[in-house]
Amino acid sequence: MIVDCHVNVYEDAHILPLLKAQTASRSGGVDPCATPERVKASMTGVDRYIAFSLRYGDSAGVEGDDEVTARLMALDPGRCVGFAYADPRRADVMELLRHATGTLGLRGVKFGPIYNGVSVLDPRLEPVIAHCLRHDLPLTMHMGTTYANNAPLEFGRPIHVDELARRHPDLKIVMAHMGHPWMDECIAVIRKNPNVYAEVSALHYRPWQFWNMLVSAQEYGVADRNKIFWGTDFPYAEVEESLEGLRRANHLVEGTSLPRVSDATIQAIMHSNPFEHWWHGTAP
């Protein structure tokens, strides 16, 4: 079974001029389109996937909503599980969250500390956490750096998740992107906290960093313990290129005496299943 744990969905109208302005100089020519129709068509290589719509309007230039996530779930029932987005700065954050997880049936929460400028330890996040605990909803967070100018890097550091996990030991926490480039911090945090996980979306195209992270995860004993999950970060990476990047994790060190990422590690991450670990009770 292959599950993509990190898929973005939003309508074309949700893409603001700020996104184009900040990514104009980036190479690669990524098509930012992530409409429900395009997402469904692009997920043909996976069995199930978790999707959410971003509210990064003032930092990264995408301002989505939970309604589009619900539309994708209706368009692809049985495969797509939607997460709500929580921006703790908003006065109506809890009203939106109750609507998303109640009326719309979304089954988790996404939050971008670095994009909303709100630390994981900020008191404004506490009502969101209380809602997650009350309704058995995992909290997945963008942890790591970003291209966005209006985003405080300090809020992307995985080390802060350690205190969050100790404050809320029953909260299921997922750190997206392995907290890059602070990947060893991320590994240290998931190793010591049973309620914290991480995922590798959008990392394969930095192959040296990716290889180092996987070897480090092996050496710390977390690579094959259902602590690290696979994802794409669609539309910023596609399914097959992300799978192939994981399969070819050792290509930079072929012919050297450097350590290898084991096949067991590759297979464990590729076939990781968040639906078996991110919820306390019955998973969606």
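Arg-124 comes out as partly exposed, with a relative accessible area of 39%, in what is a predicted model. Its salt-bridge partner is Asp-122, and the closest N and O atoms of the two sit 3.0 Å apart. Asp-122 is on the other side of the burial cut-off: its relative accessible area is 17%, and buried means under 20%, so Asp-122 counts as buried. This pair therefore joins a buried acid to a partly exposed base.

That pair belongs to a wider set, since the structure holds 16 salt bridges. As a general point, side chains of opposite charge can pair when their charged atoms come close. Arg-79 and Asp-76 do this with their side chains, at 2.8 Å from N to O. Here both partners are out of the way of solvent: Arg-79 is buried at 18% relative accessible area, and Asp-76 is buried too, at 7%. With a buried cut-off of under 20%, Arg-79 makes it into that class at 18%.

Helix H10 (residues 239-247) offers another case, with Glu-244 and Arg-247 both in it, 3 residues apart, or about one turn of the helix. Their side chains meet in a salt bridge, 3.1 Å from N to O. Neither end is buried: Glu-244 is partly exposed at 34% relative accessibility, and Arg-247 is partly exposed at 39%. Elsewhere, salt bridges link up into a network made of Glu-11, Glu-37 and Arg-71.

Turning to the β-structure, there is an open sheet of 6 strands, in the order E4-E5-E6-E7-E8-E9 and with parallel pairing. Its edges are strand E4 (84-85) and strand E9 (228-229), each of which pairs on one side only.

Strand E7 (residues 173-176) is a handy place to look inside this sheet. On one flank, E7 pairs with strand E6 (residues 139-142) in the parallel sense, over 4 bridges. Getting from E6 to E7, the chain passes through helix H7 (residues 159-167), and this β-α-β crossover is right-handed. Along the E6/E7 pairing, Met-141 has Met-175 as its bridge partner, while His-142 stands opposite Ala-176.

E7 also pairs with strand E8 (residues 196-199), again in the parallel sense, this time over 3 bridges. In that pairing, Met-175 stands opposite Ala-198. Helix H8 (residues 183-192) completes the connection, and E7, H8 and E8 together make a right-handed β-α-β unit.

What about the side chains of E7 itself? In a regular strand the side chains alternate between the two faces of the sheet. E7 shows Ile-173 and Met-175 pointing one way, with Val-174 and Ala-176 pointing the other. Whichever way they point, all of these residues are buried.

A last stop is Ser-53, found in the loop between strand E2 (48-52) and helix H3 (66-75). Despite its loop position, Ser-53 is buried, with a relative accessible area of 0%. A polar atom of the Ser-53 side chain lies 2.8 Å from the backbone oxygen of Val-9. Setting aside neighbours within four places in sequence, Ser-53 is in contact with Val-9, Tyr-10, Gly-64, Asp-65, Val-68, Thr-69 and Tyr-85. Val-9 thus turns up both in the contact list and as the owner of that backbone oxygen.

Methods
Residues numbered from 1 in each chain as written. Predicted model: local features only at pLDDT ≥ 70, side-chain atom pairs only at ≥ 80, totals over all residues. Heavy atoms only, no water. Buried < 20%, exposed > 50% of the residue type's maximum accessible area, 1.4 Å probe, protein only. Helix = DSSP H or I, 4+ residues; strand = E, 2+ residues; numbered from the N terminus. Pairing = 2+ DSSP bridges. Right-handed = clockwise from strand over helix to strand, strands pointing away. Salt bridge = Lys/Arg side-chain N within 4 Å of Asp/Glu carboxyl O. Polar contact = N/O pair within 3.5 Å; in protein donor to acceptor, adjacent residues only side chain to side chain. Contact = heavy atoms within 4.5 Å.
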